[in-house]
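Here are a few exercises to work through with the coordinates open beside you. Try each task before reading its solution.

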Amino acid sequence: MSSIAAWPGISGTASALRRLYFVRFAFAIVWALVMFTTAANLGPLAVTLLVLYPLFDVTAAIIDARASRTTGSPALLYVNIAVSLITAIGVAIACTSGIPAVLRVWGAWAVVAGLLQLIVGVTRRKMGGQWPMIISGGISVLAGASFILGASADSPTLINAAGYAITGGIFFLISAIRLGRAAKGN
């Protein structure tokens with residue numbers, strides 16, 4: 001009996017997470033491509049995108065929490081839901097102050113969400129497919145710090161937010177692919 005089969009409910013959870021991760025990959029890529037076109041200023045489209053991203057994270061965390069109930073406590077996912085909801089509100093407010101304020105809020109969110117992702121990935125490592133999530137969480141912490149530091153630059157830009165989304169999306173894709181074995185119950 002493999003360690004994957006020994007964890008009750010893992011196949012269903014892995015399958016649900018796999019679908020969610022594929023959707024998160026697609027969303028991140030589309031979001032980033034659109035963000036690249038508008039990242040030079042805080043026009044209506046950029047503001048909408050900046051608020052939409054953490055709201056999408058709220059939705060994804062809700063789906064993840066529902067799917068993960070049988071394999072462990074979703075408490076950290078609930079924390080992520082709250083943090084991302086607060087971030088959406090914070091980003092909307094920060095958009096009225098300019099790109100540096102947005103980068104500070106976005107950076108703080110990336111640090112906290114990255115830590116949560118890293119911890120959740122570590123607790124799920126028996127499921128398989130979680131090393132990309134662990135690595136992505138660590139990268140998110142570093143990226144968040146760079147956003148905060150970048151807010152003080154002479155000409156801060158939102159381009160790095162698009163790159164951040166692409167990187168995260170790629171890690172979700174890798175994790176989704178790696179979860180295939182667990183989703184099949186192997």
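**Exercise 1. Compare two annotated spans with the helices of this predicted model.**

Start with residues 159-180: the end C-alpha atoms lie 33 Å apart, and the span is 95% helix and 0% strand. Next take residues 21-39, where the end C-alpha atoms are 25 Å apart and the chain is likewise 95% helix and 0% strand. Now turn to the record: the unreviewed UniProt entry annotates both spans as "transmembrane region", along with 45-63, 75-99, 105-122 and 134-153. Such annotations may be inferred rather than shown by experiment. Finally, set this beside the whole chain, which has eight helices and zero strands.

**Exercise 2. Describe the overall dimensions of the chain.**

Begin with the C-alpha trace, which spans about 60 × 25 × 25 Å along its principal axes. Then check the radius of gyration: a compact globule of 186 residues would have a value near 16 Å, and the 17 Å of the protein chain agrees with that. For burial, 48% of the 186 residues count as buried. For the surface, the chain exposes about 8700 Å², and carbon and sulfur atoms supply 70% of it. Last, look at the contacts with a separation of 6 or more: 79% of them are between residues 24 or more positions apart.

**Exercise 3. Find the residues at the centre of the contact network in the largest nonpolar core, and say which helices build this core.**

Count contacts among the 31 members: Trp-31, Met-35, Leu-50, Tyr-53, Trp-106, Phe-147 and Leu-158 touch the most other members. Then sort the members by element: α2 (10-38), α3 (44-68), α4 (75-94), α5 (99-123), α6 (131-150) and α7 each give two or more residues. The largest share, eight residues, comes from α5. To see one member up close, pick Met-35; beyond its sequence neighbours up to four places away, Met-35 touches Leu-49, Leu-50, Leu-158 and Ala-162. A second, separate core has 11 residues, among them Leu-17, Leu-20, Tyr-21 and Ala-176.

**Exercise 4. Classify the ring pairs that Tyr-53 makes with Trp-106 and Trp-109.**

A search of the whole structure gives nine aromatic pairs. Take Tyr-53 and Trp-106 first: the centres are 5.5 Å apart with 50° between the planes, a tilted pair. Tyr-53 lies in helix α3 and Trp-106 in helix α5, so this pair ties together parts 53 residues apart in sequence. Tyr-53 is buried, at 13% relative accessible area, and Trp-106 is buried at 1%. Now take Tyr-53 and Trp-109: here the centres are 5.9 Å apart and the planes stand at 80°, so the pair is edge-to-face. Trp-109 also lies in helix α5, so its pair with Tyr-53 in helix α3 links parts 56 residues apart in sequence. To finish, place these rings in their wider setting: Phe-27, Trp-31, Tyr-53, Phe-56, Trp-106 and Trp-109 form one aromatic cluster.

**Exercise 5. Is Leu-179 buried or exposed, and which residues does Leu-179 touch?**

Locate Leu-179 in the loop between α7 (159-178) and α8 (180-183). Its relative accessible area is 0%, so Leu-179 is buried. Leaving out residues up to four places away in sequence, the list of contacts is Ala-14, Leu-17, Arg-18, Tyr-21, Met-127, Gly-128, Gly-129 and Gln-130. As a distance check, the C-alpha atoms of Leu-179 and Gln-130 are separated by 8.0 Å, although these residues are 49 apart along the chain.

Notes: Residues are numbered from 1 along each chain as its sequence is written. This is a predicted model: local features need pLDDT of at least 70, side-chain atom pairs count only at pLDDT 80 or more; totals for chains, interfaces and linings use all residues. Side-chain values use heavy atoms; hydrogens and water are left out. Helices (H or I, at least four residues) and strands (E, at least two) are DSSP runs, numbered from the N terminus. Buried means under 20% relative accessible area, exposed over 50%, partly exposed in between (1.4 Å probe, protein chains only). Contact means heavy atoms within 4.5 Å. A nonpolar core is a set of buried Ala, Val, Leu, Ile, Met, Phe, Trp, Tyr and Cys residues joined through side-chain atoms within 4.5 Å. Rings of Phe, Tyr and Trp (its six-membered ring) pair if their centres lie within 6.5 Å; planes under 30 degrees apart count as stacked, over 60 as edge-to-face and the rest as tilted. The radius of gyration is taken over C-alpha atoms; the globule rule is 2.2 Å times the number of residues to the power 0.38. Accessible areas come from the Shrake-Rupley method with a 1.4 Å probe; for residues, only the protein chains shown count as cover.
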